[in-house]
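I opened a fresh notebook page for this complex. Here is what I looked up, in the order I went through it.

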Amino acid sequence: MIKQILSLLTMAIGFLFFSCEKDDICVEGDTPLLVIAFYDMAAIETLKDVPTLRVVGNGKLLPITTFTDRTALNTVSIPLKTEEDATTFTFTNTSAAAEDGSETGNADVVTFAYDREADFKSRGCGFIITYTNLAVSLENDTDNWIKNIEVVTTTIENQDTTHVKIFH
Amino acid sequence: MLKYFINGFLYLVCTAAVAQTSNTLVTKNSELYKDTYGIRLGVDLSRIITSALDDNYKGLELVADYRLSKNLYIAAELGNENKTKQENLYNFNTQGSYLKIGIDKNTYANWYGEQNAIYMGARLGFSTFNNTLNNYQIFNTNRYWNPTSFAEGANVAEEFNTRTAAWLEAIFGAKVAVLSNLYLGASVRLGFLFTDTNKGSFPILWIPGFNKVTSGSKFGVGYNYTLSYMIPIYKKDRKKKD
């Protein structure tokens, strides 16, 4: 009789362990954003705000949504394409809307090239992208407000550190 | 008396579908009753039914046990499973075979003539299997470049072959003789995964015989519903007093 009761208890305890599962939600990770910090060209150790910055992805009409559009910032995080090996953005300094609705300001075009590695995070998350071999190129125009670009880290696994420094 | 009452109650709970068993008559000379010993061979009905109903699952499990003594059995399960699972952002297939070997100990005190069992058991389980990652999309909470969908990761199936796993299993189950030598059984199983070849870019998420592998936990659960037939080999006197 004691044996039977023990059996039932074992079963009951066994089921308790499986009442909830964390596997179905994703908490382990996310495809990282590219973190860019803007530094002063005159004092390269000093962060410097870009007045009313706007960043628009190439081929997109709307600016990126990771920060408030047309605000003064010295650090932004921008999303890279996860299905192509390069992403081009237009960074507009002193962006504003003209009376006819067109955009004014100094626009510079920057292309980020990289390799992508699919990285399995967990059952709930599935695969995220880790970017490697990051290279940045600035399209030359008559009046670049971006003076220099420095890649701090070529591997983008998380958003904890600055990946790219832009001097202006 | 209380012992029989509780046994009987457990028996009813576990075998609600079975109304009556055909017991041999209990004679006054019941101490001369002989127990039948033999090999019991069967098949898991739940895996057959699931195979028929679920397009993404094919499985078969053969079960066997051999009676060693009054309450002790050597038991084994041999199975093959093929399961395709669609998760949120990826689709993978697991295909492989497993073997579980161990013992069952009957804790049910049969009346003379009864051949039923409520048992606890233990198994050592092994599985070799292949994983195929059929396709996946990239998880990304930023929706700027893909506002309505997730970016395609890969559409070419990727193989992860010759994976293995081993585990210990604790079992609680019941077997009921529905006809002479024909048994219906049910069991629940708690597995403890102690080794697996979990390497490469796609981890082991499901193991034939063990079922779902959860992250951060070594435990797995399973069950079966068996139909088995006992091939009697010899009879042995039951002791007068159990």
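Before the weak stretch, a reminder to myself: pLDDT is the predictor's confidence in each residue, on a scale from 0 to 100. This is a predicted model, so I started with confidence.

**Entry: confidence.** I found a mean pLDDT of 86 for chain B, with 85% of its residues at 70 or more. Residues 16-21 of chain B are where I noted a warning, as pLDDT stays under 50 there. For that stretch the model has 6 contacts beyond four places in sequence. For the complex, I copied down the predictor's ipTM of 0.79 and its pTM of 0.78.

**Entry: chain A.** I listed 1 helix and 9 strands for chain A. Read from the N terminus, the helix comes before the strands. Of the 168 residues in chain A, 26% count as buried. I also looked at its contacts between residues at least 6 apart in sequence, and 51% of these join residues at least 24 apart.

**Entry: where the chains touch.** How many residues does each chain bring to the contact? I got 32 residues from chain A and 34 residues from chain B. On the side of chain A that touches chain B, α1 (2-16), β6 and β7 (126-138) each supply at least two residues. The most comes from α1(A), which gives 6 residues. By type, I sorted that side of chain A into 14 nonpolar, 11 polar and 7 charged residues.

**Entry: cores.** The largest nonpolar core has 43 residues, and I marked A:L34, A:V55, A:I78 and A:F127 as those with the most contacts inside it. Strand β6 (residues 103-122) of chain A provides the largest share of this core, 5 residues. I then followed A:F127: leaving aside neighbours within four places in sequence, its contacts include A:A118, A:D119 and A:F120 in chain A, and B:L89, B:Y90 and B:Y136 in chain B. Apart from the largest core lies another, of 13 residues, with B:Y119, B:A174, B:L184 and B:M230 among them.

**Entry: B:T94.** I found B:T94 in strand β4 (residues 90-106) of chain B. Is B:T94 buried or exposed? I put it down as buried, because it has 21 C-beta neighbours inside 10 Å and the cut-off for buried is 20 or more. B:N130 sits 36 residues away along the chain, yet its C-alpha atom is separated from that of B:T94 by 5.8 Å. Beyond four places in sequence, I listed B:K83, B:F129, B:N131, B:W206 and B:P208 as the contacts of B:T94.

Conventions
Residues are numbered from 1 along each chain as its sequence is written. Chains are lettered from A and ligands numbered from 1 in the order in which they are written. This is a predicted model: local features need pLDDT of at least 70, side-chain atom pairs count only at pLDDT 80 or more; totals for chains, interfaces and linings use all residues. Two residues are in contact if their C-beta atoms, placed from the backbone, lie within 7 Å. A nonpolar core is a set of buried Ala, Val, Leu, Ile, Met, Phe, Trp, Tyr and Cys residues joined through C-beta atoms within 7 Å. A residue is buried if 20 or more other C-beta atoms lie within 10 Å of its own, exposed if 12 or fewer, and partly exposed in between; C-beta atoms are placed from the backbone. Helices (H or I, at least four residues) and strands (E, at least two) are DSSP runs, numbered from the N terminus. Ala, Val, Leu, Ile, Met, Phe, Trp, Tyr, Cys and Pro count as nonpolar, Asp, Glu, Lys and Arg as charged, and the others, Gly among them, as polar.
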